[in-house]
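Q: I'd like to learn how to read a model like this one at the bench. Can we go through it feature by feature?

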Amino acid sequence: MKKTTFLLLTLIAMTMTITAQQNSMNTVDVTGQGKVTVTPDEVTVKVRAENTGTNAKELKQQNDRIISNVIQTIKDLGIADKYVSTDFVRLSKNYEYNTKTYNYSANQAISIKVTDIKTYEPLMNALLESGINRIDGVQFSASNRDDLLSQARKNAVKNAKMKAEEYAGALGQKIGKAISISEFSQHNTPGTVMYRSAMSMDSEMSGGQTLAPGEMDIAVTVNVRFLLD
């Protein structure tokens, strides 16, 4: 019993010693930012078939016909099935207070990923012809995002090191090795995508170029702690 107590006290003392040594270290903490700018080469289009009426069954059948036409249109354009997904299917019953009657609203939404932005124009025109009456959004992306994110991380670390060297140099000192590093990004996702321009699309989808993907920044922020020599 005494031996166990002695070992426990020894371990506690060692831990306290190590903690005290760590707390006494001279360090410099800096934040580094890194980003990579790229022109998106992919786009995801979110569209929806939405209809209202008094007969729920007929509305559902109407939406089904539209979505069936949409899927066939997508296939005709050579877009693979793996790039098409159903976001949701909804049927809601609503009460009209003015007429004291009920009506129904049927919605079915799908997402289509286009890996060749040149396909965007013919796709949008074909979708409207197929009966789609809602466009919920367009999201740009880069096919090599993981590689770009990796480069952004490296740029962020280099930026942090440069700042640490500037601080240390102003004090006539030098930085030592990094003893901790952490990555910060919004919404707990690795890297934040920021768009400097969005799509421009007229209401009738006719004539001229209607997509302006602009440029996209893939940005990373890191916190780094360096030893200070």
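Q: Where in the protein chain is confidence lowest, and where is it highest?

A: This is a predicted model, so start with pLDDT, the predictor's confidence in each residue. Where pLDDT is low, the predicted coordinates should not be read in detail. Here the low point is strand β7 (residues 192-195), with a mean of 45, and the high point is helix α4 (residues 145-170), at 94. Residues 186-208 sit below 50, though that stretch has 56 contacts beyond near neighbours in sequence. Residues 16-22 are also below 50, with zero such contacts. The chain as a whole averages 80, and 77% of the residues score at least 70.

Q: Which elements does the protein chain have, and in what order do they run?

A: You'll find four helices and eight strands. From the N terminus they go α-β-β-α-β-β-α-β-α-β-β-β.

Q: How do I read the side chains along strand β1, and which ones are buried?

A: In a regular strand, side chains alternate between the two faces of the sheet. In β1 (residues 27-38), V28, V30, G32, G34, V36 and V38 point to one face and are buried. T27, D29, T31, Q33, K35 and T37 point to the other face and are not buried. For the pairing, look at strand β8 (residues 216-228): it runs antiparallel to β1, with 12 bridges joining them. V38, for instance, stands opposite M216.

Q: What does the salt bridge between E42 and K113 tie together?

A: When you meet a salt bridge, check where each partner sits and how covered it is. E42 is in strand β2 (residues 42-53) and K113 in strand β4, so the pair ties together parts 71 residues apart in sequence. Their closest N and O atoms are 3.5 Å apart. E42 is buried at 9% relative accessible area, while K113 is partly exposed at 29%.

Q: Which residues are linked in a network of salt bridges?

A: R48, E50, R134 and D136. Within that group, E50 and R48 meet at 3.5 Å, N to O. R48 counts as buried, at 13% relative accessibility, and E50 as partly exposed, at 26%. A search of the whole structure gives 10 salt bridges.

Q: Which residues make the nonpolar surface patch?

A: Look for nonpolar side chains that face outward. Y95, Y97 and Y102 make a patch of about 380 Å². Y97 is in the loop between β3 (84-96) and β4 (101-114), and Y97 counts as exposed because its relative accessible area is 66%, against a cut-off of over 50%.

Key: Residues are numbered from 1 along each chain as its sequence is written. Side-chain values use heavy atoms; hydrogens and water are left out. pLDDT is the predictor's confidence in each residue, from 0 to 100. Helices (H or I, at least four residues) and strands (E, at least two) are DSSP runs, numbered from the N terminus. Contact means heavy atoms within 4.5 Å. Patches are made of residues with over 30% relative accessible area and no salt bridge: like charges are joined within 9 Å, nonpolar side chains (Val, Leu, Ile, Met, Phe, Trp, Tyr) within 5 Å. Accessible areas come from the Shrake-Rupley method with a 1.4 Å probe; for residues, only the protein chains shown count as cover. A salt bridge is a side-chain nitrogen of Lys or Arg within 4 Å of a carboxyl oxygen of Asp or Glu. Buried means under 20% relative accessible area, exposed over 50%, partly exposed in between (1.4 Å probe, protein chains only). Two strands pair if DSSP finds at least two bridges between them.
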